[in-house]
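Hi everyone, thanks for making time. I'd like to walk you through some side-chain packing today, so let me put the model up on the screen.

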Amino acid sequence: MWYNKYMENEAKNSANTSEYLVALRSENEKLKAENRDLKQTLEQLMEQIRLARHKRFGASSEKNAEAEQLSIFNEAEIYEDAEKAEEKLTVVAGHTRRKKKEYTLDKLPEGIPVEIVEHRIPESKLACPQCGETMTTIGKEVTRKLKIIPARTVIVEDHYYSYACRNCEKENIQTPVLKAPKEKGVISGSFATPEAIAHLMVQKYVMGSPLYRQEQELNRQGITLTRQTMSNWMLTASKLYLIPVWERLHTELLGREVLHADETTLQVLHEEGKKAQSKSYLWLYRTSGDTDKPIVLCEYQPSRSGENARSFLSGFKGYLHTDGYAGYHNFSDDITVVGCWAHARRRFDEAVKSLPKDKKKGSSAAQGLAYCDRLFALEKEFAKLTPEERYEQRLKQEKPVLDAFSAWAEKRTVAPKSALGKAMSYLKDQWPYLTNYLKDGRLEISNNRAERSIKSYVIDRKNFLFANTPSGATGSAVMFSLIMTALENKLDPWRYLTWLMKNSDTVKDVEELLPWHAPDACKI
């Protein structure tokens with residue numbers, strides 16, 4: 001009896017022990033999983049801290065400092081530029097010395113006024129110390145200096161004369177009085193001139209000087225001109241003279257076959273149905289490098305909806321370079337979206353920068369970056385080729401790199417939330433668009449052309465911060481468009497805008513006012 005009870009207790013104890021061990025193992029596995037998650041979270045946070053620290057304190061350049069990363073291809077070309085640079089150094093007594101830079105005014109353009117200042121010795125002091133005779137001029141030394149005079153403000157007085165016949169007046173013969181015809185003002189009832197309005201536009205959208213700063217500058221010259229008046233001048237001139245040209249450029253843009261697009265935020269304070277702190281957008285569209293008549297157009301829109309791009313590009317057929325924003329990916333079959341390798345490379349660059357120094361070399365992030373760098377290095381080699389030659393060389397040399405890159409990416413397993421994981425996700429999601437540039441030699445490997453154009457606006461935005469109303473935002477987009485298009489066509493924006501406003505009423509067709517029809521006097 002006691003034995004049976006003993007065995008019964010032993011069985012119960014054994015069962016309890018088994019249950020306890022199972023529970024212990026389960027708890028242990030749970031703790032291990034939590035530990036793995038915590039380590040992964042910690043590593044992701046450390047990546048973000050390292051990347052944030054680099055963005056704040058490190059160099060902003062995205063150039064690959066780790067030259068060894070390209071060793072999976074041909075490392076000889078990496079050091080070629082360095083060897084050329086070394087040739088410019090002079091070795092003197094065991095150390096190197098760089099050639100002293102010479103500053104000269106010889107490269108200034110023709111036509112700049114020259115102010116001659118003569119330095120002579122008074123005749124009373126020209127007695128020869130030997131014989132006492134007056135010394136004569138035998139030569140001169142000419143030195144040149146640069147003098148900068150701030151912009152001058154001029155009041156233009158138009159004197160319109162009237163004429164009458166004195167003979168008829170004596171004979172009491174009624175004759176009409178002749179009056180010199182009055183020129184039409186650039187803005188009816190205003191004392192503005194095309195030169196003044198163009199200056200305000202250029203100062204704001206080229207030099208990044210907001211109207212309140214221009215108001216202060218004019219006040220220092222004793223001229224009271226309020227920013228409200230300046231704004232009214234600019235917006236009225238935009239409606240009267242610039243918008244018709246913008247619309248014709250829009251039609252011209254849609255007829256091209258290769259375009260670029262990008263967008264950036266814009267704050268509009270008084271916009272119906274939206275808070276002042278909400279975001280609006282400036283959309284930019286421009287031609288590619290395949291034309292000698294470049295166009296850059298901006299459009300204000302209250303949202304980032306892809307419908308804005310579809311509406312603007314209605315009727316366009318061809319290739320469109322964009323970043324990875326999904327709003328560009330729902331076009332008709334007439335538009336082929338070309339992805340941006342600069343964006344893909346940037347993510348691998350950030351993944352490298354997020355790693356500790358001792359783990360960067362040879363890492364998967366560094367290998368991915370090396371593939372991107374190889375593509376850009378080949379593009380640099382093909383830069384001077386014709387589109388047809390570039391198309392052939394890309395298929396011959398770049399497609400194998402792309403195939404190897406794709407196969408490499410498929411074999412990698414990374415944490416999706418890590419910096420490398422985000423780079424790999426972008427690469428795989430955008431791959432169909434990233435490889436579209438192989439379809440035509442006119443296409444570019446990145447959307448940097450649009451980013452460079454919109455960067456000017458981003459820099460200006462840091463100064464003027466916001467637009468007051470939607471109409472002001474629309475006017476800003478139009479003015480910025482014509483200024484950027486003028487610069488792309490190597491025109492001086494001030495001269496071009498002045499010429500445009502002065503000649504708008506004399507031309508038969510707006511086509512005559514497009515930048516490539518501007519006279520030589522407008523060229524830089």
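Before I name any neighbours: when I say contact, or that one residue touches another, I mean heavy atoms within 4.5 Å. And please keep in mind that this is a predicted model.

Let's begin with Leu313. Which residues does Leu313 touch, not counting those up to four places away in sequence? They are Leu254, Leu259, Tyr285, Leu320 and Phe331.

Leu313 also belongs to a bigger picture. The largest nonpolar core has 72 residues, and Leu313 is one of those with the most contacts inside it, a group that also holds Ile197, Met201, Leu242, Leu320, Tyr496 and Leu497. Helix α6 gives this core its largest share, eleven residues. There is a second core too, separate from that one, with 34 residues, including Trp341, Tyr371, Leu420 and Met424.

Now, how do α4 and α6 pack? Their axes lie 10 Å apart, at an angle of about 105 degrees. With 65 to 115 degrees counting as roughly perpendicular, these two helices are therefore roughly perpendicular to each other. On the α4 side, the contact is made by Ala196, Ile197, Leu200, Met201, Lys204 and Tyr205; α6 brings Met230, Trp233, Met234, Ala237 and Leu242. By type, that contact comprises ten nonpolar residues, one charged and no polar.

Last stop, helix α15, residues 493–503. Its buried residues are Pro493, Tyr496, Leu497, Thr498, Trp499, Leu500 and Met501. And what covers them? The cover includes our two helices from before, α4 and α6, along with α14, residues 470–488.

That's my tour, and I'm happy to rotate the view for anyone.

Conventions: Residues are numbered from 1 along each chain as its sequence is written. This is a predicted model: local features need pLDDT of at least 70, side-chain atom pairs count only at pLDDT 80 or more; totals for chains, interfaces and linings use all residues. Side-chain values use heavy atoms; hydrogens and water are left out. Buried means under 20% relative accessible area, exposed over 50%, partly exposed in between (1.4 Å probe, protein chains only). Helices (H or I, at least four residues) and strands (E, at least two) are DSSP runs, numbered from the N terminus. Axes are lines fitted to C-alpha atoms, for helices over the stretch in contact, and angles run from 0 to 180 degrees between N-to-C directions. Angles under 35 degrees count as roughly parallel, over 145 as roughly antiparallel, 65 to 115 as roughly perpendicular and the rest as oblique. Ala, Val, Leu, Ile, Met, Phe, Trp, Tyr, Cys and Pro count as nonpolar, Asp, Glu, Lys and Arg as charged, and the others, Gly among them, as polar. A nonpolar core is a set of buried Ala, Val, Leu, Ile, Met, Phe, Trp, Tyr and Cys residues joined through side-chain atoms within 4.5 Å.
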